[in-house]
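Reader: Hi! Could you walk me through this protein's surface and its pockets?
Author: Happy to, let's look at it together.
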Amino acid sequence: MKGVLRKVDGLGRVSIPIEFRRLQGIENEAKVEIINTEDGILVKRANYKAKPLTLAIQVLEKEIKYTSDKKLKEELERIKNDIKKLGA
């Protein structure tokens, strides 16, 4: 996924696109860490320690919830179940 341009509002806020939040598992009201780096500002989930397979299931569940394509929804469910079998 490529970068997205956003305007900073009068209070210094920037909204994080929903697609990015879904991919990173950032829920509404979640805390994020803001880090100043040489290359710019890094925003990431705060203290997130989920197992990779658990995170994959969470992302799939969100995509299943928001997609209207029945075949895609079925395929995502199948993948989610396969991941659960791996021990997530």
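Author: What follows is a short chat about the surface and the pockets of this predicted model.

Reader: Cool! Which residues make the nonpolar surface patch?
Author: Val-32, Ile-34, Ile-41 and Val-43 make that patch, and its area is about 380 Å². Strand 1 (32–37) and strand 2 (40–45) each give at least two residues to the nonpolar patch.

Reader: Where does Val-43 lie, and how much of it is accessible?
Author: Val-43 lies in strand 2. Val-43 has a relative accessible area of 40%, so it counts as partly exposed, since that class runs between 20% and 50%.

Reader: Nice. Now pockets: how much space lies in the largest pocket?
Author: About 600 Å³. Its lining has 16 residues, and the closest to the pocket's centre are Val-14, Ser-15, Ile-16, Ile-41 and Val-43. Helix 1 (18–24), strand 1 and strand 2 are the elements that each give two or more residues to this lining.

Reader: Which element gives the largest share there?
Author: Strand 2, with five residues. By class, the lining of the largest pocket has eleven nonpolar, two polar and three charged residues.

Reader: And what about the second largest pocket?
Author: That one holds about 190 Å³ of space. Among the residues that line it are Ile-18, Arg-21, Arg-22, Glu-61 and Lys-62. Helix 1 and helix 2 (52–66) each supply at least two lining residues, and the largest share, four residues, comes from helix 2.

Reader: How do the residues of that lining divide by class?
Author: The lining of the second largest pocket has six charged, three nonpolar and one polar.

Conventions: Residues are numbered from 1 along each chain as its sequence is written. This is a predicted model: local features need pLDDT of at least 70, side-chain atom pairs count only at pLDDT 80 or more; totals for chains, interfaces and linings use all residues. Side-chain values use heavy atoms; hydrogens and water are left out. Patches are made of residues with over 30% relative accessible area and no salt bridge: like charges are joined within 9 Å, nonpolar side chains (Val, Leu, Ile, Met, Phe, Trp, Tyr) within 5 Å. Accessible areas come from the Shrake-Rupley method with a 1.4 Å probe; for residues, only the protein chains shown count as cover. A salt bridge is a side-chain nitrogen of Lys or Arg within 4 Å of a carboxyl oxygen of Asp or Glu. Buried means under 20% relative accessible area, exposed over 50%, partly exposed in between (1.4 Å probe, protein chains only). On a 1 Å grid over the protein atoms alone, a cavity is a set of points where a 1.4 Å probe fits but cannot get out, and a pocket is an open set with protein on both sides within 12 Å along at least five of seven lines; lining residues have an atom within 4 Å of a point. Grid points are joined across faces, edges and corners, and a volume is the space filled by probe spheres set on the points. Ala, Val, Leu, Ile, Met, Phe, Trp, Tyr, Cys and Pro count as nonpolar, Asp, Glu, Lys and Arg as charged, and the others, Gly among them, as polar.
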